[in-house]
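Hi everyone, thanks for making time this morning. Could you pull up the model on your screens so that we can walk through it together?

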Amino acid sequence: MGKRLKPLKLLVICVPASIVLSALIVYATRSRFTCEVTGIDNNLDLDEHDVQEGKDDLRSNSTWNPCTFDICFNLEKCPLTRPFATYVYNDLLTSSSNENPFSPQLLVDVLKETGSYTSDPTKACVFFSILWNREREIENVGHLETQIHSLAQWGEYGENHILVELSTDQSPGRSMLEGVSTGKAIIARSVISPAKPFSTGFDILLPPLRTAEADSMDLLSPLLPVSRDTFIHFHGEHSPHQHPGSGAITPQDIRSLQQLLKGKERVDIQLQCQQPATGKTKRAVEGQWMLCGDQKSRLELCSKSMFSLVPSPGGANAGTGVGIYTRLIESLMCGSIPVVVGVGVLPFDEVIDWSRAGLIVPSGRYSDILYILRSVSSGDIQNFRLKGRHLWYTYFSSPLRVVQIAVAIVRSRTLHPPPPAPHFVGKQLLYFPAPHHKQITSPSFTNSFTAYSWSFWNDIPGPLFSYPSSPFNPGLHFSRLNEVAISHSASQSAKGRAAIESTFKKNFLVNVPPEQFTVVIITYKRNKELMEGLAHLKGIPSLNKVVIVWNNEDDPSADLKWPDIGIPIVVVRGKGNSLNNKFLPYKEIETEAVLQLDDDVLMAPEEIEFGFRVWCENRERMVGFFGRSHIYNFKDKRWNYGKTNCMFSMSLTGCTFIHKTYMYLYSYLMPKEVRARVDHIMDCEDIAMNFLAAHLSRKPPMKVCTNSDFHCAGCKANISKKKYFFHERSVCIQFLTRIYGYQPLLYTQSRTDPETTEIPFSE
């Protein structure tokens, strides 16, 4: 007979998540039920001393107990029945020096704008505390730990707290939280080290913040042409006297790549810094690759290279630090494809698909890197650069944006929907109702709890807001809805079937449910023309409402005779006398489709109706009646504004249908430098909208043929008649091309002609 097995003695103890004992104890989640404990050895006696040791293990840095979101985060403080709320501690835990480019008040201000801030800690889901990684603070471990544990809402283990350790490329190569007990707090930081490991899926890896010299978008490099002078670039200095660890990229590895490319490709590789290496005199961590020079000089060098090497560090205590991630972010800024070798964790990689912006190469494939790089096509390089620029602007363009993304990541873990993009609420000056007009509003915010997806985080418009609807997701086609309706009407009366078929014909096979559009007219001191233009809108079947943006300094006079067009008219005031006002997302707009109309444009109603139906089948495009082009001047090597008969690339917003989401993105996502230029020159807003739409959709506008003139006869002079009009708009195109890094406008020769179609216009 074999040996008799001894009975298995099993110990199961239900404890709060705050207590972690040795391997004899199963770490249980926060549960309030009663457990039966069976199979306990009578000789095992747990006294208060054993329990206290378990608590000390959690609080001690010597024993690392990785947290997960399910175990260490209390969702009971974040019910879905109330908005996601964030409380921010007022003071920096480290220095409050004026040299800090970020303060808690900045975070409070932006959280207020998104409705995610509360000043009442009892209503908060998470609690933010900001720390700056500064060398003189690192030595004060005991003092820093006392400060953290003294936070008003910290409790015993800092549940639902987020400690944000901000770093720049000038920060030390180690975390200031090394040796500090952080309990259950989420740590958002830029430095990972064996002394303070990273809990994947719980902690958040931040990028190093930009230094003050990078506040201008002028440092961004053009994304085209694809070809550049240098094939691959790397400037760095390895900290001396270290033994490389497994997977480390050593100076010898980089020299071998240089030798392989010698005489075949132009390379820019330097392993000793000509300028003092950042961090060389600031406790350089062993095995780290230190940065050379300042940010401006580094960006200038990498802007000349197609690829930039981002190697992993080496050494047993190297970890990963600000140098690696600074190289990565700067490569996005300069349009050089990052080649990340052997780096395990990247900033925000919980939500960012880094493989769409660069090459992620395991260290074991370093010997094949030349073969990999030469296989990358020109199209892939362009796509990498476009995605990299989008990631930089969305995630890394400012210290405030970095912390906003950290808030968004925690919000998504709690399944709270993103905050809605804010409407613009202007002063309503006049309102003329139309009681007998049937208005159809577009559905909005239909995917609140299904918004979070890989595309949501990685594609435009980005993760900061949710939008009422999307031009890229039209939903179920209307033709299919009618097929369903007609098939279900087989048993109905002939009258019922005829009604359904009439509805189908009336909507002219448009591939969306019945909907309407809103007209937005911006006006300035042209009351006569405005009244005449309004009268032309009478009787359009699909018109929902007319919104007049009143740019005049004075309110409308009482003697103005407003025409009765059978459609509600709302007069609102924007932000001063600005052409950007025409693209503000006014709360009065309740439809996805918006017709931007100048106050001096007179269009036939049937042409407007047909243009709307064309837009319904091309919702992501601008659909207009008057086209213009961008023309390349080979002599001056720049883009100019012009007009051609054979093709066009822009639709003048004096009469153009756009999706309302583009108005949100113009007002809140597009770089503020563009809106500032529009205000400065009082022009160019239509070109800016065309750039934005082409950049988002990667499609040209649609043109609807018309017999109407763009401007009414006898109207007062407008900006298009200025002496230097074409020159100023050419300069505007060149400015926008620099901002976007490339020329997004696309040519087309396609036109739609309403004269070839019989439109069931009148009821």
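Let's start at alanine 357, in this predicted model. Is alanine 357 buried or exposed? Alanine 357 counts as buried because its relative accessible area is 1%, and the cut-off for buried is under 20%. You'll find alanine 357 in the loop between β12 (337–341) and β13 (359–361). Which residues does alanine 357 touch, once we leave aside its neighbours within four places in sequence? The contacts are Leu332, Ile337, Pro338, Phe384, Lys387, Gly388 and Leu391. If you want a ruler on screen, the C-alpha atoms of alanine 357 and valine 339 are 9.7 Å apart, with the two positions 18 residues apart in sequence.

Let me zoom out for a moment. The protein chain has 763 residues, and 55% of them count as buried. There are 20 helices and 25 strands in the chain. Looking at contacts with a separation of 6 or more, 79% come from residues 24 or more positions apart.

Now, the sheet I'd like you to find. It is an open sheet of nine strands with mixed pairing, in the order β14-β17-β16-β15-β18-β23-β19-β24-β25. At the edges sit β14 and β25 (751–752), each pairing on one side only. For anyone who wants the reminder, strands of a sheet pair through backbone hydrogen bonds, either parallel or antiparallel. Within this sheet, β18 (residues 593–598) and β23 (residues 655–659) are antiparallel and share five bridges. One residue to click on is leucine 597, whose bridge partner in β23 is cysteine 655.

Two helices lie across strands of that sheet. Helix α15 (residues 527–535) lies across β15 (517–523), β16 (543–550) and β17 (569–573), and runs at about 175 degrees to β16. Helix α17 (residues 660–669) lies across β18 and β23, at about 85 degrees to β23.

On to the charged pairs. How many salt bridges does the structure hold? The count is 25. Here is one: lysine 525 and glutamate 553 meet through their side chains at 3.9 Å, N to O. Lysine 525 is in the loop between β15 and α15, and glutamate 553 is in the loop between β16 and β17, 28 residues apart. Lysine 525 is partly exposed at 46% relative accessible area, while glutamate 553 counts as exposed at 52%.

The next pair is arginine 526 with aspartate 600, at 3.6 Å, N to O. Arginine 526 lies in the loop between β15 and α15 and aspartate 600 in the loop between β18 and α16 (605–616), so this salt bridge ties together parts that are 74 residues apart in sequence. Arginine 526 is buried, at 13% relative accessible area, and aspartate 600 is buried too, at 1%.

A third pair joins glutamate 685 and lysine 582, at 3.5 Å, N to O. Because glutamate 685 is in helix α19 (residues 685–697) and lysine 582 is in the loop between β17 and β18, the pair ties together parts 103 residues apart in sequence. Glutamate 685 has a relative accessible area of 7% and lysine 582 one of 3%, and each counts as buried. There is also a network, where salt bridges with shared partners join Lys77, Glu159 and Lys184.

Last stop, the outside. Leu80, Leu415 and Phe449 make a nonpolar surface patch of about 340 Å². Phenylalanine 449 is in the loop between β14 (427–432) and α12 (454–458), and is exposed, with a relative accessible area of 55%.

Key:
Residues numbered from 1 in each chain as written. Predicted model: local features only at pLDDT ≥ 70, side-chain atom pairs only at ≥ 80, totals over all residues. Heavy atoms only, no water. Helix = DSSP H or I, 4+ residues; strand = E, 2+ residues; numbered from the N terminus. Buried < 20%, exposed > 50% of the residue type's maximum accessible area, 1.4 Å probe, protein only. Contact = heavy atoms within 4.5 Å. Patch = residues over 30% accessible without salt bridge, like charges linked within 9 Å, V, L, I, M, F, W, Y side chains within 5 Å. Areas by Shrake-Rupley, 256 points an atom, 1.4 Å probe, with all protein chains shown as cover. Salt bridge = Lys/Arg side-chain N within 4 Å of Asp/Glu carboxyl O. Pairing = 2+ DSSP bridges. Axes fitted to C-alpha atoms, helices over the stretch in contact; angles between N-to-C directions.
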